[in-house]
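I opened a new structure today and kept notes as I went. Here is what I looked up, entry by entry.

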Amino acid sequence: MSHLSGSLHGEMPMKIRAVYPGTFDPVTNGHLDLIRRCSALFDDVIVAILRNTDKTPFFTTEERVEMLEEVVKDLKNVSVTTFQGLLVDFAEQRKASVIVRGIRAVSDYEYELQMALMNRRLSSKVETVFLMPAETYSYLSSRLVNEISALGGSVRGLVPPIVEQRLKRRHRQRR
Ligand code: PNS
């Protein structure tokens, strides 16, 4: 790996920048667990929210940026931004050599493998790395969080407090 060969030759080791992409609608404690793992593993982490014009998200892109910025503010090597278009183009533009994706269960694997191999075909400069969140979050998803919250259930412990508050407020407005 160039990271290692650089240090073997007495040069400065190359810094590794990772992109952690997703919809984050909204960010859950599972996402946050993964962001913390990324922060410990890589020199620099960009959390990249897809600006998807096809889907109607529950929270606007701006709201999702705000919530993510709030929950990662203690992690100095993590930044939050948005992207449009191909993920590999974004990663290359930002000089990131790693895309991080989370795998919660075997059911995630097929879709993730397909995306990782397609991204590899699209760019040889970016490698996908899979990380597992803590098992406590293996059944957690943004979709379920939204559904539970819409039906008046508690999502405490599943999402950061700022997300819990915003979900409550939004669902109250909708009722
Ligand atoms: O949180 P999600 O919805 O699982 O994230 C999916 C995401 C944003 C990673 C994926 O949809 C994506 O990379 N979209 C950008 C468009 C792109 O590059 N498509 C080709 C993927 S092989």
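**Entry 1: the ligand shell**

Which residues surround the ligand? I worked on a predicted model, and I began with this list. I found Pro21, Gly22, Thr23, Leu50, Phe83, Gly85, Leu86, Leu87, Arg101, Met115, Met118 and Asn119 around the ligand.

I then sorted the shell by residue type. Seven of its residues are nonpolar, four are polar and one is charged.

Next I asked which element gives the most to this shell. It is H5, with three residues. Helix H5 covers 106–122, and strand E1 covers 17–22. Each of these two supplies at least two residues of the shell.

I also looked up where the ligand sits. I found the ligand in the largest pocket.

**Entry 2: polar atoms at the ligand**

I looked for polar atoms that face ligand oxygens. Threonine 23 has a polar side-chain atom 2.6 Å from an oxygen atom of the ligand. Leucine 87 takes part through its backbone: a polar atom there is 2.8 Å from a ligand oxygen. With arginine 101 it is the side chain again, where an N or O atom lies 2.8 Å from an oxygen atom of the ligand.

How much of the ligand does the protein bury? Taken alone, the ligand exposes 550 Å². The protein buries 75% of that.

**Entry 3: the loop after E1**

I moved on to the loop between E1 and helix H2, which spans 29–41. Phenylalanine 24 is in this loop. Its phi is near 50°, a positive value in a residue that is not glycine.

Is phenylalanine 24 buried or exposed? I count phenylalanine 24 as buried, because its relative accessibility is 3%.

Proline 26 is placed in the loop between E1 and H2 as well. I checked the peptide bond that leads into proline 26 from aspartate 25. That bond is cis, with omega near 0°.

**Entry 4: arginine 64**

I looked up what the side chain of arginine 64 reaches. It comes to 2.8 Å from the backbone oxygen of threonine 23. I had already noted threonine 23 for its side-chain atom 2.6 Å from a ligand oxygen.

Arginine 64 is found in helix H3. Its relative accessible area is 3%, so I put arginine 64 down as buried.

**Entry 5: histidine 171**

Helix H7 runs over residues 161–174, and histidine 171 has its place there. Its relative accessibility is 7%, under the 20% limit, so histidine 171 counts as buried. I looked for a partner of its side chain. A polar atom of that side chain lies 3.5 Å from the backbone nitrogen of alanine 150.

**Entry 6: lysine 95**

Where is lysine 95 found? I located lysine 95 in the loop between helix H4 (87–93) and strand E4 (98–102). Its phi is positive, about 55°, although lysine 95 is not a glycine. Lysine 95 counts as exposed because its relative accessible area is 68%.

**Entry 7: three long spans**

I closed with some C-alpha separations.

Glutamine 114 lies in helix H5. It is exposed, with a relative accessible area of 56%. Its C-alpha atom is 22 Å from that of glycine 30, and the two residues are 84 apart along the chain.

Arginine 51 lies in the loop between strand E2 (44–50) and helix H3 (61–71). Why did I call arginine 51 partly exposed? Its relative accessibility is 34%, which falls between the 20% and 50% cut-offs. From arginine 51 to arginine 174 the C-alpha separation is 24 Å, across 123 residues of chain.

Lysine 15 lies in the loop between helix H1 (2–8) and E1. I count lysine 15 as exposed, because its relative accessibility is 67%. How far is lysine 15 from leucine 50, by C-alpha atoms? They are separated by 25 Å, with these positions 35 residues apart along the chain. Leucine 50 is also one of the residues around the ligand.

Notes: Residues are numbered from 1 along each chain as its sequence is written. This is a predicted model: local features need pLDDT of at least 70, side-chain atom pairs count only at pLDDT 80 or more; totals for chains, interfaces and linings use all residues. Side-chain values use heavy atoms; hydrogens and water are left out. A residue is near a molecule or strand if one of its heavy atoms lies within 4 Å of it. A polar contact is a pair of N or O atoms within 3.5 Å; within protein, one must be able to donate a hydrogen and the other to accept it, and residues adjacent in sequence count only if both atoms are side-chain atoms. Accessible areas come from the Shrake-Rupley method with a 1.4 Å probe; for residues, only the protein chains shown count as cover. On a 1 Å grid over the protein atoms alone, a cavity is a set of points where a 1.4 Å probe fits but cannot get out, and a pocket is an open set with protein on both sides within 12 Å along at least five of seven lines; lining residues have an atom within 4 Å of a point. A molecule sits in a cavity or pocket if more than half of its atoms lie within 2 Å of its grid points. Helices (H or I, at least four residues) and strands (E, at least two) are DSSP runs, numbered from the N terminus. Ala, Val, Leu, Ile, Met, Phe, Trp, Tyr, Cys and Pro count as nonpolar, Asp, Glu, Lys and Arg as charged, and the others, Gly among them, as polar. Buried means under 20% relative accessible area, exposed over 50%, partly exposed in between (1.4 Å probe, protein chains only).
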